[in-house]
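Student: I've got a model open and I'd like to talk it through with you. Can we go piece by piece?

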Amino acid sequence: MRIAEKAISLCKKLGADYADARVERTYSTDIRLMKDTFDQVASGADQGLGIRVLYKGAWGFGSSTSLELRDVSRTIRGAFKAAKATATHAKEKARLAEISPVKDVVRATVKDPMQSVPIDRKMKLTLETSEEATKIDKRIASVTVTYSDSSGETCLATSEGTRLTGRPSRGSIVVVAVAREGTKVGAIRERNGMQAGFELFEKIDPLGLARRAAERAVRLLEAVPAPSGRFTVIADQKLAGVFAHEAVGHASEADHVVTGESVLKGKVGQRVGSDLVTMYDDSTYADGWGSSQYDSEGVPTKRRLIIEKGFLRGYILNRETAAELNMDPNGGARAQSFAYRPVVRMSNTYLTAGDRSFQELLDDVDAGVYLKGSRGGQVDTAKGTFQFSAEEGYLIEKGQLTRPLSDVSLSGLTLETLLNIDGVADDFQISIGLCGKAGQVVATGMGSPHVRIRNAVVGGK
Amino acid sequence: MSETLDFVLKRCIRLGAAQAEAFETDEVGTNIVIEKKQVKIGQVKRDHGMGIRVLVKKDDGASTGFGYVTDFSRTTVTEAVEKAVTTAKMKRADKDLKSFQEKARTRKVADIFDERISRTDPSDLVEIGRSMLEEACKDSRVSTVSGSVHMGIGETSVANSLGVSGSYRSTAFSGHMYVVAESGGSVGVGWETHSSTHYESEKLVGAAGYAADTAVRQLNPRPLEPGIYDVVVDQDGLADLFMNTLVQQIRADLVQRNQSPLTGKIGSQVASENVTLIDDPTVPGALGSKPFDSEGCPTGRRPIVEKGILRTFLHNSYTANKEGVKNTGNSMRYIMFGTRSEYALEPIIGPHNLVLKPGKGRRDDLIREVRNGILVKGFIGAHTSNVQSGDFSLALDCVFRIENGSLTFPVKQAMIGGNMPSILRQIRLKAANVKQVTMGPGMALISPTIMIEKLTVAA
């Protein structure tokens, strides 16, 4: 905090209209085990400062991994020069929505600090997870397990008086199991993580993840290619969560809205989905992978209502877009680390639960497709189109899940799809993910219950 | 050798390593971002860190451990070394792991540091950005302009306990421009990049003009009849395709793991006779030129394909020791997806400057020779290519139809499917218009525009 405060006072002296400084120290462990061999094990110790200055409506940003005063001062002067040079010609001046400065200390609840657990114990956990998946079935051809943790100290100081210190800690494990039989191949990824100390690995049950990934991969060997065409589709919690995040969530990021790159632009108050659709981006979700009490600009975060019973209610905002759209800031600015400037990002994005059971959703489907999990896909927030590949699929025949399907994809128009949601189950689940935008990766949660979509486009191979 | 490097190596050996290596980079980067027809934000970034690798000997081989720091205090460095040694001890022994890089003489590489860049400051970049904008906005149909200008100064050092010790300084200067034109409900997109080790502001302005010109010419596109076409590919597209396919297929580590379709093909014809591809880190002033690789092995000119015949794979110290061949000096630190500082990564394998030997004539002359074809600037989705099988399916970006030697109309959405290395046999024409395009940190493709004949194009 001493360094951050020094940086802020130098910015003030140079004539900044606004400045914020983030100083961080992060210890990380990344372990990747492929086919029982440690492919990559890296321990990292990162430190650095990121400084943002606003001068006559123009931004300058500087970062440095060196915290020596000489380097800090050089970084600030560089950021300042950059801001001044852009200010001379800026047509649109950046403004920040008003907030009340805060002073607070935020700590993750930690029993076993990540830093005090020896690396060989983390490697052993990775190895055991891999072995658990491998022994499920002879047809498991390869297992890749990725262990990651990070913990450290952060602080934020702004020229308005905000002073925040944090002690974040998080860890996750990802299992990819590949099953093979003859020329048939099935690959499944399972992952989970939490913001806590090393004890989190007891709660997220890595061995259970390993078994699930392996069993699902083996099951895929029985799958037949999916049919193509329009069907009634039921998406599982993971795929529907990815849809909420990718197709709807990104379009609700206010930076896309102000540049005209969102299909949700100008639609607040209008119907964008069926009555059954309520969606939040919720930084306050208990134990959420993307949760935080304050955002990277020091704004207290919120549970942001995006869609209420089908009507668009708001966007995810940082201070600049809040001012531009004349809305109240809601703490939606996040930066990957000190080396990046904060941008509008999601936290935990989810569709809320309904009151029907999964079986009830199935019951009235005569012929349809059940899609499970996600292998990723593509989204165009401006045009409002999306395409996702599911990990697994099943044919639905007369209310029953029948044949397993492989290579199934779901595509369509975001708004049309939201309007075609005609069934929402009561079995809400949230999963963890990493979201990339503007060259930065942040941790996000994605959640949903089982969701039924009428007249959706399914693609096979 | 710096005091810190010396301290790190000694600490590794004291804590139980048989060998130790430190790789350090110190970079200062400045860039500006252009958004919505405005120079929006200036950024300066100092990134200084060190990757530490240890080698621990065992009865049945050896293992490595790795860690990195950006805080050079003795406590932090010692902790990192301890973890690296523990990691190495915990890993299963690798019988093929013999040693880090032995000491060897390196030669200087000419002209990779431009003094002028060290004297340039953010306000100069803003001026360049403004000139680029002005150039891009000349046509009233241009509706959106975005882009960036970047310059960097870096110092790279490698030292190990076997006596390797060296460092070099380099500079970088690059920019890109993305232009959207609109007219009567139609939208056209154009873009261009320029990268160099030297301050070349006028080239960036030229790139902006080229991007705008393309955007306007892309207005009112027409669909293309699916079929077989001769495809003319510019350097940006080729670099993207090569990086995601061929470059990975000539990595000795992937070849040794049987993950390359080129396994066992040394000495065979893998491309048409007019393909000569050389990895040449000695080209004066080129983006990937450097005296030694990321393990300190001296670099050199390595013919990979000569007149269509595969001559060598690219090695680092591990793969060369494993096979008992000479190290080609191609240890590089990068990841295929996302960005990460080089010091935070363990070495893998990559090219420095992949040079595709040019042909004759201008790009226009090459186009004039095409009867039934298309001109392609870039590819979308090259990262989804299957390296092992070489199969790829790509959407094409900025496409023009070529009929009887002239560009006739802009093409709406088209796709190609194909296989690397198979398509190397279909390279028929090469122009002389050499351009260098970055493929990652310290990696470049230096190539002319080429024509690949008879590719299947889908709409």
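Student: Which residue in β10(B) stands opposite B:V305?

Tutor: Keep in mind that this is a predicted model. Strand β9 (residues 302–306) of chain B is joined to β10(B) by 2 bridges, and the two run antiparallel. The residue across from B:V305 in β10(B) is B:L310.

Student: What is the strand order in the open sheet of 6 strands in chain B?

Tutor: Start from the edges, where each strand pairs on one side only: these are β10 (309–310) and β19 (435–440) of chain B. Pairing within the sheet is mixed. Read across, the order is β10-β9-β8-β13-β20-β19.

Student: And what angle does helix α6 of chain B make with β19(B)?

Tutor: Helix α6 (residues 235–244) packs on that sheet. The strands touched by α6 are β13 (353–356), β19 and β20 (443–447) of chain B. Comparing its direction with that of β19(B) gives about 35°.

Student: Staying in chain B, how many bridges join β4(B) and β5(B)?

Tutor: β4 (residues 142–160) has strand β1 (residues 19–35) as an antiparallel partner, with 14 bridges and B:T25 standing opposite B:T156. Its pairing with β5 (residues 165–183) is antiparallel too, and there B:M151 stands opposite B:F173. The bridge count for β4(B) with β5(B) is 17.

Student: Which residue takes a positive phi in the hairpin of β4(B) and β5(B)?

Tutor: Look at the turn, where 4 residues lie between the strands. One of the residues in this hairpin has a phi near 105°. That residue is B:G163.

Student: Over to chain A: what is its radius of gyration?

Tutor: Chain A has 10 helices and 26 strands. For its 461 residues the globule rule gives 23 Å, and the computed value is close to that, so chain A is as compact as a globular protein of that length. The radius of gyration is 24 Å.

Student: What share of chain A's contacts, between residues at least 6 apart in sequence, join residues at least 24 apart?

Tutor: For some context, the C-alpha atoms fill a box of roughly 70 × 55 × 35 Å along the principal axes, and 54% of the residues of chain A count as buried. Among the contacts you describe, the share joining residues at least 24 apart is 74%.

Student: Is the crossing of α3(A) and α5(A) left-handed or right-handed?

Tutor: Helices α3 (residues 119–134) and α5 (residues 206–220) of chain A pack at about 35°, with axes 8 Å apart. Residues making the contact include A:L125 and A:A133 of α3(A), and A:L207 and A:A210 of α5(A). The contact residues divide into 7 nonpolar, 1 polar and 2 charged. As for the hand, the crossing is right-handed.

Student: Which element gives the most to the side of chain B that touches chain A?

Tutor: In total, 38 residues of chain B are in contact with 40 residues of chain A. β2 (38–58), β3 (61–69), α2 (74–90) and α4 (122–136) of chain B each supply at least two residues of that side, which divides into 12 nonpolar, 14 polar and 12 charged residues. With 12 residues, the top contributor is β2(B).

Student: Last one: which residue of β3(B) stands opposite A:G44?

Tutor: Here the pairing runs between chains: strand β2 (residues 37–55) of chain A pairs with β3(B) in the parallel sense, over 4 bridges. Opposite A:G44 in β3(B) you'll find B:Y68.

Definitions and conventions: Residues numbered from 1 in each chain as written. Chains lettered and ligands numbered in written order. Predicted model: local features only at pLDDT ≥ 70, side-chain atom pairs only at ≥ 80, totals over all residues. Pairing = 2+ DSSP bridges. Contact = placed C-beta atoms within 7 Å. Axes fitted to C-alpha atoms, helices over the stretch in contact; angles between N-to-C directions. Rg over C-alpha atoms; globule rule 2.2 N^0.38 Å. Buried ≥ 20, exposed ≤ 12 C-beta atoms within 10 Å, placed from the backbone. Left-handed = near helix turned anticlockwise from the far one by under 90°. Nonpolar A, V, L, I, M, F, W, Y, C, P; charged D, E, K, R; others polar.
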